[in-house]
Amino acid sequence: MPEAARPRPWLVLAICCMSLLIVSLDITILNVALPAVRRDLHTSVSGLQWTVDAYTLVLASFLMLSGSTADRIGRRRVFRIGLIVFTGASLLCSLAPGLGWLIAARMLQAVGGSMLNPVAMSIITNTFTDSRRRARAIGVWSGVVGISMAAGPIIGGALVESAGWRAVFWINVPIGLAALFLTGRYIPESRAARARRADPLGQLLVIVLLAALTYAIIESPDHGWTSPLVLGCTAAALAALLALLWHEPRRADPLIDLRFFRSAPFAGATVIAIGAFAALGGFLFLTSLYLQDVRGLDPLHAGLFMLPMAVMSLLTAPLSGRMVASRGPRTPLILAGTALSASAVLQALGYSTHLPTWLLVLAFLLFGTGFGLVNAPITNTAVSGMPRSQAGVAAAVASTSRQVGQSLGVAVIGALVAGAAHTDPATFTATARTAWWIIAGCGAAVLVTGTLTSGRWARATAERTAERLAAEEAGEGTRETKETVDA
């Protein structure tokens with residue numbers, strides 16, 4: 001039997017975590033480099049927003065397609081293709097001669113990234129079939145986000161200081177190549193028992209919805225909310241959403257299976273993911289500009305300043321996984337929402353050019369605690385109540401929610417501070433206080449939604465949904481077998 005045919009669960013987990021590491025590092029490292037990118041490429045705040053959001057938008061648009069494709073043609077195959085594309089695109093990002101080229105390379109990078117995390121989560125779900133072991137594995141998986149948050153700002157700051165912003169993309173190359181080699185050697189191939197057909201119209205509608213909505217938000221400070229361009233994009237986003245809600249239930253194999261949302265925990269996990277990652281996107285974008293442009297720190301010291309947040313995320317992520325395994329998702333979700341809101345409220349109340357260092361560090365500690373606690377409940381809830389054959393699609397919906405949230409966070413917060421970014425520091429901090437209240441609202445959404453969708457009633461809806469999905473899947477399999485025999 002080939003080596004790859006004998007799965008070693010914890011080695012498979014380690015290899016999958018390598019893909020999460022490069023994708024997560026890419027986010028935190030780039031945020032530290034944003035001021036340097038703006039100076040070198042002579043771009044505006046909206047240009048920086050597109051540098052981040054071009055990646056997250058493409059990623060969000062293709063995650064569900066990648067998840068269902070991996071279930072159909074093979075998870076290891078799609079995972080390896082993703083590693084090749086992501087690693088190659090990272091090199092192209094480092095060679096970009098201008099903002100347009102950088103955004104294009106980031107979009108290609110996102111195409112590869114869409115084949116990594118949801119597919120890796122599907123591999124993990126099918127490797128760890130016991131619910132408690134799966135929850136612990138997901139806790140480790142979530143801890144990698146903490147590692148990337150801890151290492152990313154420091155590594156990014158050091159690279160920008162020593163070799164320039166282009167160097168932040170180099171680190172993806174050796175990790176990506178190592179993961180590619182180990183995947184071929186140790187991860188077994190797997191796929192769903194029944195292949196899902198592609199949904200090209202659904203895919204197109206998702207792209208139009210996300211791109212039009214984000215474009216309207218990012219460009220509104222320059223064009224105004226009442227401009228024909230912004231109103232047209234808003235109308236296109238609304239039309240795409242309505243068309244998606246009409247089209248998807250009529251598909252035998254929809255891109256987004258709306259039946260999943262009959263489960264209150266799954267629907268809640270989607271809302272929580274959007275809220276938590278909108279808070280993260282806004283936090284990283286705003287903090288990077290504040291530390292370097294307002295407080296005058298160099299990239300390395302700005303990265304070190306963010307270390308308390310990253311360390312707490314690293315420490316609390318595996319703790320969250322253990323809490324989910326032993327007590328369920330409610331406790332970590334309540335703690336996460338409280339910590340995220342408290343962090344943002346502290347900064348909203350006292351934000352200034354000379355905010356006391358101890359207060360800033362306390363706010364960073366609270367944010368890291370909240371973000372570290374929130375990931376494991378999101379992921380475990382998204383996949384645990386679904387049939388294993390649907391693991392790729394369910395994990396992709398959760399990952400898509402994360403990326404949509406981060407895109408919206410960067411778009412909204414960036415649009416809010418865009419006019420103040422080139423003014424004096426006092427004007428910037430005054431505008432940023434409103435941004436922190438928005439981030440506090442995202443934390444409150446995590447708290448309220450987590451409380452409402454993690455009780456006995458919510459668990460009952462999850463059980464009923466899983467039973468219906470399994471029954472419908474069994475019925476479809478029986479019909480297909482009969483049709484094959486008749487033919």
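1. Start with the nonpolar surface patch. Leu238, Leu241, Leu242, Leu245, Leu258 and Phe261 make a patch of about 510 Å². Patch members need over 30% relative accessible area and no salt bridge, with nonpolar side chains (Val, Leu, Ile, Met, Phe, Trp, Tyr) joined within 5 Å, while like charges are joined within 9 Å. The accessible areas come from the Shrake-Rupley method with a 1.4 Å probe, and for residues only the protein chains shown count as cover.

2. Before going on, keep in mind what you're looking at. This is a predicted model, where local features need pLDDT of at least 70 and side-chain atom pairs count only at pLDDT 80 or more, though totals for chains, interfaces and linings use all residues. Residues are numbered from 1 along each chain as its sequence is written, and side-chain values use heavy atoms, with hydrogens and water left out.

3. Now for helix α9, residues 228-247. Helices here are DSSP runs (H or I, at least four residues; strands are E, at least two), numbered from the N terminus. Leu242 from the patch is found in α9, and Leu242 counts as exposed because its relative accessibility is 53%. The cut-offs are under 20% relative accessible area for buried and over 50% for exposed, with partly exposed in between (1.4 Å probe, protein chains only). Ala236 lies in α9 too, but is partly exposed at 31%. Have a look at Ala236 and Ala212: they are 24 residues apart in sequence, yet their C-alpha atoms are 6.4 Å apart in space.

4. What lines the second largest pocket? There are 19 lining residues, with Leu209, Leu241, Leu244, Ile256 and Val404 nearest the centre. Leu241 also belongs to the surface patch. The pocket holds about 430 Å³ of space. A pocket is an open set of points on a 1 Å grid over the protein atoms alone, where a 1.4 Å probe fits, with protein on both sides within 12 Å along at least five of seven lines; lining residues have an atom within 4 Å of a point. The volume is the space filled by probe spheres set on the points, which are joined across faces, edges and corners.

5. Which helices build that lining? At least two residues each come from α8 (200-223), α9, α10 (264-294) and α15 (391-417), and α15 gives the most, with 5. By class, the lining has 15 nonpolar, 3 polar and 1 charged residues. Ala, Val, Leu, Ile, Met, Phe, Trp, Tyr, Cys and Pro count as nonpolar, Asp, Glu, Lys and Arg as charged, and the others, Gly among them, as polar.

6. On to the salt bridges: the count is 3, taking a side-chain nitrogen of Lys or Arg within 4 Å of a carboxyl oxygen of Asp or Glu. Asp293 pairs with Arg38, with the closest N and O atoms 2.3 Å apart. This one links distant parts of the chain, Asp293 in α10 and Arg38 in α1 (residues 9-41), 255 residues apart. Asp293 is partly exposed at 32%, whereas Arg38 is buried at 12%.

7. Arg166 and Asp40 meet at 4.0 Å, N to O. Arg166 sits in the loop between α6 (131-163) and α7 (172-186), and Asp40 in α1, 126 residues apart.

8. Asp199 bridges to Arg251 at 3.6 Å. The two sit in loops 52 residues apart, Asp199 between α7 and α8 and Arg251 between α9 and α10. Asp199 is buried, at 4%, while Arg251 is partly exposed, at 27%.
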